[in-house]
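Dear colleague,

I am handing over the structure below, together with some notes on what came out of going through it. Please have it open while you read, as the notes refer to it throughout.

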Amino acid sequence: MNAFFTRSPCGAHRLRNWYVNFEHPEIRTEVGFDTFDLAVDLVIAPDLTRWRWKDEDEYAHVRRLGIVTDAQHQAVDAARAQVLAMLEERQGPFADAVTWTVWRWNLAWPPPRLPQPGPAR
């Protein structure tokens, strides 16, 4: 689950929406990570009172193409039901949603830096 913030004209940040991306777990490989997005997403209002599915047309298309199998579709449907139940009950990641709406990056923290590449092998 992700929280997306937006900046107002006065420079203040506010929570724009929550975003649940349905995907396979990442797999570590020798060269990085393999990911597999399942095309369907859930967009949730900041106060958790409204939600909408996003990209269901794309999900239907990948289903027609067989990219998402029947077994995977059943797993997606179960995950969708699980997320909606957690949202309704304010459990899981939604239990602390109010805390996250007021979270801010500490300006004293240094920005993250990628490590310098090592010598070529």
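Glu26 is found in the loop that connects strand S2 (13-23) with strand S3 (27-29), and, in this predicted model, Glu26 joins Glu23, Asp37, Asp57 and Glu58 in forming a negative patch on the surface.

As for the overall architecture, the protein has 3 helices and 6 strands, and, read from the N terminus, these elements follow the order β-β-β-β-β-β-α-α-α. The radius of gyration of the protein is 18 Å, whereas the globule rule gives 14 Å for 121 residues, so the protein is more spread out than a compact globule. The C-alpha trace spans about 55 × 50 × 25 Å along its principal axes, and 22% of the 121 residues count as buried.

A second surface patch, this one nonpolar, is formed by Trp100, Trp103, Trp105, Leu107 and Trp109, which together have about 630 Å² of accessible area. Within that group, Trp103 is placed in the segment that comes after helix H3 (97-101). Because the relative accessible area of Trp103 is 36%, and residues between 20% and 50% are classed as partly exposed, Trp103 counts as partly exposed.

To put the two patches side by side, the negative one includes Glu26, in the loop between strands S2 and S3, while the nonpolar one includes Trp103, in the segment after helix H3.

With best regards

How values were computed:
Residues are numbered from 1 along each chain as its sequence is written. This is a predicted model: local features need pLDDT of at least 70, side-chain atom pairs count only at pLDDT 80 or more; totals for chains, interfaces and linings use all residues. Side-chain values use heavy atoms; hydrogens and water are left out. Patches are made of residues with over 30% relative accessible area and no salt bridge: like charges are joined within 9 Å, nonpolar side chains (Val, Leu, Ile, Met, Phe, Trp, Tyr) within 5 Å. Accessible areas come from the Shrake-Rupley method with a 1.4 Å probe; for residues, only the protein chains shown count as cover. A salt bridge is a side-chain nitrogen of Lys or Arg within 4 Å of a carboxyl oxygen of Asp or Glu. Lys and Arg count as positive and Asp and Glu as negative; His and the chain ends are not counted. The place of a charge is taken as NZ of Lys, CZ of Arg, CG of Asp or CD of Glu. Helices (H or I, at least four residues) and strands (E, at least two) are DSSP runs, numbered from the N terminus. The radius of gyration is taken over C-alpha atoms; the globule rule is 2.2 Å times the number of residues to the power 0.38. Buried means under 20% relative accessible area, exposed over 50%, partly exposed in between (1.4 Å probe, protein chains only).
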